[in-house]
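Reader: I would be grateful for a close look at the surroundings of the ligand. Please also set that part in the context of the whole protein.

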Amino acid sequence: MAGALLEFIDLTKRYGSVTALDRFNLTVAPGEFVTFLGPSGSGKTTALNLLAGFASATNGDVRIAGQSVLALPPEKRNVGMVFQSYSLFPHLSVFENVAFPLRLRRVAKAEVTRRVEEALAMVQLADFAGRMPNELSGGQRQRVAFARAVVFEPPVLLMDEPLAALDLKLREQMQFEIRRYHQALGCTIIFVTHDQGEALTLSDRVAVMRDGYIVQTGTPQEIYDAPQSQYVAEFIGTTNLFDLAPNGCDLPELAATLPAAVLEGKLSVRPEKLRPVAPDGADVTFRAVLSQVVFQGDHTLYEAQLAGGRTVTFRTHRGPGVAALSRGAEVTLGFDLDDSVPVVPETGKTAGQNASGG
Ligand SMILES: Nc1ncnc2c1ncn2[C@@H]1O[C@H](COP(=O)(O)OP(=O)(O)OP(=O)(O)O)[C@@H](O)[C@H]1O
C-alpha cells in the first residue's frame with residue numbers, strides 16, 4: 001500500500017501446536033493510532049512482539065516504511081514500547097530510567113539531560129527525577145515508563161495494555177495524556193487492549209481480533225454502529241440480538257417482512273436505540289415486562305422480558321418528559337430499522353484475511 005508505515009503481511013506465528021497468529025494482515029498509515037482489541041489469547045501481544053522483534057515469525061512479513069524488519073534486532077527497529085507491568089530498572093533513578101534508551105544510542109550528555117527533563121515535564125514528573133522506582137505510586141511508575149518509551153522520539157510507539165493496572169481515574173487521565181502526546185507529535189501508535197471503551201476512546205482505527213486473526217477493522221464509530229458479525233456486535237459495547245430464524249423468532253411480525261438472507265442471522269439493536277414507545281411509535285414494536293431498573297446517574301438502565309422469554313436492555317437519559325418506569329410494569333418498546341444492524345451468527349476466518357486498512 002502506498003504511504004503505509006507499517007505492513008503486516010500474512011503474518012503467522014506458531015508455538016508448537018498453538019497458532020497464536022494466523023495470517024494476520026494489516027496496514028497502518030503514518031501518524032495513525034490503531035488499537036488491537038480482542039479477548040485474552042486472541043494474539044494481540046504476539047502481533048506486537050513480532051513487530052517489535054521480541055519473537056520471530058513462522059511465516060509472513062512485517063515491514064516498516066517498506067522494508068522488511070524480520071531480520072533486524074529490536075533496537076534497530078526504532079520502535080518504543082510501553083508494557084502493562086512498568087518494567088522500570090529498580091536500581092536506577094527515575095532520571096536514569098528515562099535516560100536509558102538515549103545512553104544505548106550514545107546520545108551526548110547535555111542532550112540526554114535536556115531530553116530527559118523534557119520527557120519528565122511532559123508526564124508531569126519534573127520534580128521526581130531523583131527518586132527511585134520503589135518510591136513512586138503505580139501511576140507515577142507508568143508515567144516514567146511512558147517517558148522512557150518516548151524520550152528517543154520513536155516514529156512508532158507500541159503500547160501493550162499500558163493502563164490495565166491503573167485505577168479508573170488515573171486510567172482516564174493517562175488516556176488523555178496519550179492522546180495529547182499523539183496529537184502533539186504525530187507519531188504512529190499501536191495500542192493493545194481488551195477494554196473496548198478504551199479502544200473506542202483512543203483510536204483512529206480499531207482492529208478487532210479473534211483466535212489470531214482480524215475479524216473487522218474500522219473507525220470506532222464504524223465498529224460500534226456497523227458490526228459485521230455477532231462476535232463484534234457483542235464484543236464492542238452491549239447490544240440486543242434479536243433472533244430472526246423462523247423457529248424461535250423473537251419478532252415474528254418483523255420477520256414476515258424481511259428478505260430470507262437476513263433471517264438467517266440476528267438483528268443487533270444497541271440499548272440506546274431501543275425505547276418505550278406508543279403502540280405504533282417505531283418501525284418495530286413489541287410488548288415487554290420490566291424486570292430490572294438500574295439508576296446510573298445521568299441515565300437509567302432497564303432490563304425487560306419479551307413474551308417468548310428473550311431479555312432486552314435499554315437506556316433512557318434523564319430529562320423533562322422522561323417518566324420513570326418501575327419494575328414489573330408492562331411497556332411497549334420499539335426501535336427503527338435504521339437503528340438496527342443485521343449480523344451473521346459466526347465469522348469464518350476468511351472475513352479476517354483481507355482486513356488490511358488504510
Ligand atoms: N511463548 C509462548 N509459548 C506458547 N504459546 C504462547 C506463547 N505466547 C503466546 N502463546 C499463545 O498464543 C496465543 C496468543 O497469545 P497472546 O499473548 O498474543 O494473546 P493476547 O491477545 O495478547 O492475550 P492477553 O490479552 O491475555 O495478553 C495464546 O493462545 C497463548 O497461549
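Author: The domain bounds used here come from an automatic or database domain assignment. The model itself is predicted. The assignment divides the protein into domain 1, residues 6-230, and domain 2, residues 238-343. The C-alpha centres of these two domains are 39 Å apart. Each domain gives 5 residues to the contact between them; on the side of domain 1, these comprise 2 nonpolar and 3 polar residues, with no charged ones.

With that frame in place, the ligand can be considered. Around the ligand stand Tyr15, Val18 and Ala20, then Gly38, a run from Ser40 through Gly41, Ser42, Gly43, Lys44 and Thr45 to Thr46, and finally His194. Two elements, strand S2 (18-28) and helix H1 (44-52), each supply two or more residues of this shell. The largest share, 3 residues, belongs to H1. In terms of class, the shell counts 8 polar residues, 3 nonpolar residues and 1 charged residue.

Helix H1 merits particular attention. Of its 9 residues, 8 are buried, so the helix is largely enclosed by the rest of the structure. The buried residues of H1 are Lys44, Thr45 and Thr46, followed by Ala47, Leu48, Asn49, Leu50 and Leu51. After H1 comes glycine 53, which has a positive phi near 95 degrees.

Elsewhere in the protein, an open sheet is built from 5 strands in the order S13-S17-S14-S15-S16, with antiparallel pairing. Its edges are strand S13 (275-276) and strand S16 (311-317); each has a single partner strand, so one side of each lacks a neighbour in the sheet. Strand S14 (residues 284-295) and strand S15 (residues 299-306) run antiparallel and are joined by 7 bridges. Valine 294 lies opposite leucine 301 of S15.

A word on confidence completes the account. The protein has an average pLDDT of 87, and 92% of the residues reach at least 70. The model has an ipTM of 0.95 and a pTM of 0.83. Strand S1 (residues 6-15) has the highest confidence, at 97, whereas helix H11 (residues 350-353) has the lowest, at a mean of 44. Over residues 350-358, pLDDT remains under 50, and the model has 26 contacts beyond four places in sequence for them. Where pLDDT is low, the predicted coordinates should not be read in detail.

Key
Residues are numbered from 1 along each chain as its sequence is written. This is a predicted model: local features need pLDDT of at least 70, side-chain atom pairs count only at pLDDT 80 or more; totals for chains, interfaces and linings use all residues. A residue is near a molecule or strand if its C-beta atom, placed from the backbone, lies within 6 Å of it. Helices (H or I, at least four residues) and strands (E, at least two) are DSSP runs, numbered from the N terminus. Ala, Val, Leu, Ile, Met, Phe, Trp, Tyr, Cys and Pro count as nonpolar, Asp, Glu, Lys and Arg as charged, and the others, Gly among them, as polar. Two residues are in contact if their C-beta atoms, placed from the backbone, lie within 7 Å. pLDDT is the predictor's confidence in each residue, from 0 to 100. A residue is buried if 20 or more other C-beta atoms lie within 10 Å of its own, exposed if 12 or fewer, and partly exposed in between; C-beta atoms are placed from the backbone. Two strands pair if DSSP finds at least two bridges between them.
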